[in-house]
Amino acid sequence: MRKVLSVLALLAGTAAWAGETPSNPGAEVYFIGLENGAMVDGPVTVRFGLSGMGVAPAGTEREGTGHHHLFLNRPALGEGAEDAELLEIGIPTDDNHRHFGGGQTEVTLDLEPGTHTLQLVLGDEFHVPHNPPVVSDVITITVK
């Protein structure tokens, strides 16, 4: 929780260039059944939890909703070199930014053995993080 608060404090100063879609006060996104420091067998099933807001597919304009994005093996939101642009125009699609625009709430990943970092970020209908951003703690897992 301390890391989430630190990230939110860091991002609070970005409100001038963050997305325009407001998040609900107290909204949280989190991992279900996967904890920081876990050692897991592959493939890895990652389940997404959300409280205080609802899930809606990308392109759906509905107040108090968004869809999940998984940041994989990259700095936490607010710490990446491209994050100012990302907060303004949207989350890219690449190996480090996975989109779940269909409203999915889980994924099974074939990750290479080794250490991986994961963070969940809620995005609006245009894949732009809400204002303020709704993000999980960054967790580190090790795939056997």
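How many bridges join strand 3 to strand 7, and do these strands run parallel or antiparallel? Four bridges join the two, and they run antiparallel. One residue pair on this path is Arg-47, which stands opposite Glu-106 in strand 7. The model described here is predicted.

**Overall layout**

The protein has two helices and nine strands. Along the sequence these elements follow the pattern α-β-β-β-β-β-α-β-β-β-β. Buried residues account for 44% of the 144 residues. The accessible surface comes to about 7,300 Å², and carbon and sulfur atoms hold 50% of that area. Among contacts between residues at least 6 apart in sequence, 72% join residues at least 24 apart.

**Confidence**

The average pLDDT of the protein is 89, and 88% of the residues score at least 70. Over residues 1-17 the pLDDT is below 50. Beyond near neighbours in sequence, that stretch has 22 contacts in the model.

**Strand pairing**

The table lists strand pairs with their bridges and sense.

| Strand pair | Bridges | Sense |
|---|---|---|
| Strand 1 and strand 3 | five bridges | antiparallel |
| Strand 3 and strand 7 | four bridges | antiparallel |
| Strand 5 and strand 8 | six bridges | antiparallel |
| Strand 8 and strand 9 | five bridges | antiparallel |

Strand 3 pairs with strand 1 and also with strand 7. On the strand 1 side, Glu-28 has Ser-51 in strand 3 as its bridge partner. Strand 8 likewise appears in two rows, paired with strand 5 and with strand 9. Leu-70 stands opposite Leu-120 in strand 8, while His-116 stands opposite Ile-141 in strand 9. Strand 8 is mostly covered, with seven of its 10 residues buried. In a regular strand, side chains alternate between the two faces of the sheet.

**Nonpolar cores**

The largest nonpolar core has 24 residues. Phe-31, Leu-34, Val-44, Val-46, Leu-118 and Ile-141 have the most contacts inside this core. The elements that give two or more residues to the core are strand 1 (28-32), strand 3 (44-51), strand 5 (65-72), strand 7 (106-109), strand 8 (114-123) and strand 9 (139-143). Strand 3 gives the most, with four residues.

Which residues does Leu-34 contact, leaving aside its neighbours within four places in sequence? They are Val-40, Val-44, Val-46, Ile-139 and Ile-141. Of these, Val-44, Val-46 and Ile-141 are also named with Leu-34 among the residues with the most contacts inside the core.

A second, separate core has seven residues, including Phe-71, Leu-77, Ile-91 and Val-135.

**A buried arginine**

Where is Arg-74 found? Arg-74 lies in the loop between strand 5 and helix 2 (83-89). Is this residue buried or exposed? Arg-74 has a relative accessible area of 10%, so it counts as buried, the limit for that term being under 20%.

The side chain of Arg-74 makes a polar contact of 2.8 Å with the side chain of Glu-82. Not counting residues up to four places away in sequence, Arg-74 touches Gly-80, Glu-82, Asp-83, Leu-86, Asn-96, His-97 and Thr-117. Glu-82 is thus named both as a residue touched by Arg-74 and as its polar partner.

Definitions and conventions
Residues numbered from 1 in each chain as written. Predicted model: local features only at pLDDT ≥ 70, side-chain atom pairs only at ≥ 80, totals over all residues. Heavy atoms only, no water. Core = buried A, V, L, I, M, F, W, Y, C linked by side-chain atoms within 4.5 Å. Buried < 20%, exposed > 50% of the residue type's maximum accessible area, 1.4 Å probe, protein only. Contact = heavy atoms within 4.5 Å. Areas by Shrake-Rupley, 256 points an atom, 1.4 Å probe, with all protein chains shown as cover. Pairing = 2+ DSSP bridges. Polar contact = N/O pair within 3.5 Å; in protein donor to acceptor, adjacent residues only side chain to side chain. pLDDT = per-residue confidence, 0-100.
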